[in-house]
Amino acid sequence: MLRFAVVGIVATALHYLVYYLLLSVLNPNMSYTIGYAFSFVCNYFLSSVFTFRVAMSWQRLAAFALSHLLNYLIGLSLLNLMIFIGLSAEIAPLPVFVLVVPINYLLVRYALKRKSGNSDSYLLFLLLVGVAMFVLQLSDVPTLSDDMLYRFVWNTDADTPFLPIDSLGALLRSQVLHYQSVNGRFVVHSLAQAFLSFTPPLLLHILNAVLFVLLLHLCSLLTGRVGKRLVVSAFSCFMLFVVFRGIGTTMLWSLGSFNYLWVSVATLALLLLLQCKAEKEVNVSDWMLAPLAIIAGNGHEAISVPLSASFAIYLVCHLRKCRSLATTPYMVFYMVGTLIILLSPGLWVRTGDAASLQSRLLSGAMNMVFNVRVLWILLLVMIVSWRKHSWLVRDFLRHYNYFFVALSVSAAIVCVCGVNLDRVAFYTDFLSLLLLLPLLFGEKYGVAGSLSEAWERRLTAVSIALSLVFFIPAYLLRDENRQNYEKMAEQMAAPGKETVGVPIMEKGSCFMRDLLVERYVNPTAEFGFFCCYMGFNSSDTNMRAAASLYGKRSLVFLPADVVERIESDSLAFSTCQLSADGSLYIYRLPRDGKVTSLVFQLNHEDPDSLMPHQRLVAYHGDSYELDDFRYKVVHVCGKPYLVFTRPTTNIFRRIKRIEYTLDSQQVALNY
């Protein structure tokens with residue numbers, strides 16, 4: 001302890017000295033990081049040769065680096081918290097050092113004194129994944145649709161002024177209104193609003209990186225084989241980062257991480273706990289800890305409803321036996337958390353507003369084809385395994401029969417929910433992954449469990465290499481998106497500026513780039529027919545929230561190329577034209593007035609002449625009226641412009657002319 005104290009004082013003094021010297025030219029986070037790097041090198045050398053007196057090695061360096069990564073993330077979080085609550089940047093590190101030194105001692109002692117072994121490469125892999133996810137999280141930007149809106153008390157009335165969440169009372173009031181009008185994810189969205197309102201963004205980035213690493217570790221525990229942890233976690237990383245659709249709208253997006261990453265970790269932790277408690281008798285401690293399962297059950301209806309259905313069937317089928325099992329109270333309280341979601345009036349209002357059953361089934365079929373991935377991989381592995389080891393697959397189905405019930409319910413939700421989004425399929429694929437891992441690598445059923453060590457190393461290397469191949473362009477594209485947001489933020493903060501030019505990420509020039517943008521980038525503002533907000537409508541709820549956040553009377557978002565043309569050319573858009581990204585039509589009205597309708601007159605089309613896949617989505621009318629949510633008269637540079645979204649492709653390709661009603665007078669615009 002005395003030797004550790006001496007080294008700790010030297011390393012901490014060096015850290016603070018570098019931090020203090022750099023503070024005049026760099027921000028606190030960068031100064032803290034560079035100072036930590038100098039301290040790390042000094043600490044490792046002195047800890048090895050002086051404090052614990054062990055030989056230096058790459059294995060110990062990997063474990064030492066992992067322990068210091070955790071310590072660094074904790075320290076950086078506390079530094080931002082100290083600055084956030086009012087301490088000066090010069091003083092803020094001092095209380096941080098007091099708090100992290102005891103933690104650092106325990107981590108370093110474990111890293112250097114333990115016996116090195118096969119787990120070193122596993123720890124190094126987790127370290128690298130944590131750093132990579134932290135780097136990606138740093139390029140996260142707030143989205144107009146949710147991240148800005150959730151900083152305010154939830155409104156049920158469109159005319160109510162936005163009130164920022166500045167106290168616990170405001171947070172609770174917001175969640176009560178949210179529960180009544182949106183959905184019942186009380187726990188998740190309480191955390192989301194608390195983090196978005198009361199903590200610096202860096203803290204969330206750090207937690208998300210740590211939780212992603214924890215998710216990989218929990219996936220490795222599913223197989224029950226310690227020697228397979230590296231290959232399982234590397235394969236899980238590849239599946240989550242490369243194969244899963246929409247990771248940019250789930251784990252790499254601020255609000256999305258609460259709804260998907262955090263819920264996935266909580267759910268998997270509960271399932272592993274149930275696995276440990278299986279066949280054990282219930283005791284008092286189980287009933288004391290079981291209420292925590294409500295938190296996991298209240299996470300997200302897309303996974304809690306399928307699992308609750310599976311738990312309910314299990315409890316009914318084993319009514320006598322389950323009364324004494326330790327798993328029963330956890331299942332019961334998990335279902336209570338799910339019931340809280342299902343009793344939300346807002347959830348059923350939104351469900352009632354969905355499209356017709358035929359339309360929902362069509363969207364569900366498209367989701368199952370284009371967005372569900374891991375489920376089809378699971379079925380393919382089972383089919384291939386059946387041909388060689390039919391008895392093993394039958395035994396696997398029997399052992400995981402209730403889990404397959406949950407997977408079936410999850411897939412049914414995707415089919416009937418009526419929302420064709422990649423994140424809708426996330427939990428179906430997540431449940432599929434939890435079945436795929438024991439089927440491939442499990443101790444009892446692992447069809448890949450008999451692979452030689454050489455083949456395991458190859459599989460691990462391929463999984464890591466493919467993840468890295470996708471990581472590098474993902475980082476570059478997300479950084480480009482971050483720079484676009486900074487340009488928007490500069491305009492929004494400018495006094496008197498209410499029309500913001502939104503830089504649009506280029507699409508169409510390269511298929512691979514478009515694929516990566518769709519997968520990993522969640523831009524602050526988007527335009528298009530399927531957007532849940534309209535950036536050109538200053539009265540839109542999300543736009544009003546953005547205006548309130550920046551202290552503006554109103555804000556209007558338009559593509560940057562549109563704003564530049566209008567500001568530089570007084571005759572721009574005298575004819576109706578598409579924006580450069582093809583998402584919006586813009587037309588300069590001949591006079592100011594109120595537009596009350598907008599109709600596309602279409603060329604006649606015989607559905608029988610179309611290809612089979614086109615017939616499914618064919619529009620059968622000869623005119624299509626755009627709803628008033630998707631068009632608006634916008635004033636830029638003192639001139640009125642009619643802005644409206646381009647319709648879906650099946651209508652767009654048939655447009656003959658466009659008509660609008662201006663102050664009760666129907667006019668055909670110059671198209």
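Burial is graded here by relative accessible area: buried means under 20%, exposed over 50%, and partly exposed in between, with a 1.4 Å probe and protein chains only. The model is predicted, and local features therefore need pLDDT of at least 70, side-chain atom pairs count only at pLDDT 80 or more, and totals for chains, interfaces and linings use all residues. Residues are numbered from 1 along each chain as its sequence is written, and side-chain values use heavy atoms, with hydrogens and water left out.

The account starts with salt bridges. The term denotes a side-chain nitrogen of Lys or Arg within 4 Å of a carboxyl oxygen of Asp or Glu, and a search of the whole structure yields 16 of them. One joins Asp-395 to Arg-398, with 3.7 Å between the closest N and O atoms. Both residues belong to helix H19 (residues 390-399), where they stand three residues apart, about one turn of the helix; helices (H or I, at least four residues) and strands (E, at least two) are DSSP runs numbered from the N terminus. Asp-395 is partly exposed at 22% relative accessible area, whereas Arg-398 is exposed at 54%.

Other salt bridges link separate loops. Glu-605 and Arg-653 meet through their side chains at 2.3 Å, N to O. Glu-605 is in the loop between strand E5 (595-602) and helix H26 (612-615), and Arg-653 is in the loop between helix H27 (649-652) and strand E9 (655-662), so this pair ties together parts that are 48 residues apart in sequence. Glu-605 is buried, with a relative accessible area of 16%, while Arg-653 is partly exposed at 37%.

Asp-622 and Arg-654 form a further salt bridge, their closest N and O atoms lying 3.4 Å apart. Because Asp-622 sits in the loop between H26 and strand E6 (623-625) and Arg-654 in the loop between H27 and E9, the pair ties together parts that are 32 residues apart in sequence. Here Asp-622 is partly exposed, at 40%, and Arg-654 is buried, at 3%. Elsewhere, Asp-479, Arg-482 and Glu-486 are joined into one network by salt bridges that share partners.

The loop between E9 and strand E10 (665-668) holds Asp-663, and Ser-664 is found in the loop between E9 and E10 as well. Most residues other than glycine have a negative phi. Asp-663, however, has a positive phi near 50 degrees, and Ser-664 has a positive phi of about 70 degrees without being a glycine. Asp-663 is partly exposed at 39% relative accessibility; Ser-664 is exposed at 74%.

At the N-terminal helices, the surface carries a nonpolar patch made of Leu-2, Val-6, Val-10, Phe-45, Val-49, Phe-50 and Met-56, with about 630 Å² of accessible area together. Helix H1 (2-22) and helix H2 (28-51) are the elements that give two or more residues to this patch. Patch residues have over 30% relative accessible area and no salt bridge; like charges are joined within 9 Å, and nonpolar side chains (Val, Leu, Ile, Met, Phe, Trp, Tyr) within 5 Å. Accessible areas come from the Shrake-Rupley method with a 1.4 Å probe, and for residues only the protein chains shown count as cover. Val-6 lies in helix H1 and is partly exposed, at 39%.

The last topic is the internal and open spaces. On a 1 Å grid over the protein atoms alone, a cavity is a set of points where a 1.4 Å probe fits but cannot get out; a pocket is an open set with protein on both sides within 12 Å along at least five of seven lines, and lining residues have an atom within 4 Å of a point. Grid points are joined across faces, edges and corners, and a volume is the space filled by probe spheres set on the points.

The second largest pocket has a volume of about 900 Å³. Its lining comprises 29 residues, of which Leu-274, Gln-275, Ala-278, His-399 and Tyr-400 are the closest to its centre. Helices H10 (254-277), H13 (301-317), H15 (327-342), H20 (401-416) and H21 (426-441) each supply at least two lining residues. By class, 16 residues of this lining are nonpolar, nine polar and four charged; Ala, Val, Leu, Ile, Met, Phe, Trp, Tyr, Cys and Pro count as nonpolar, Asp, Glu, Lys and Arg as charged, and the others, Gly among them, as polar.

There are two cavities of 30 Å³ or more. The second largest cavity has a volume of about 40 Å³, and Ser-139, Asp-140, Val-141, Gly-248, Leu-252, Trp-253, Arg-478, Asn-481 and Asn-522 line this cavity. Its lining divides into three nonpolar, four polar and two charged residues.
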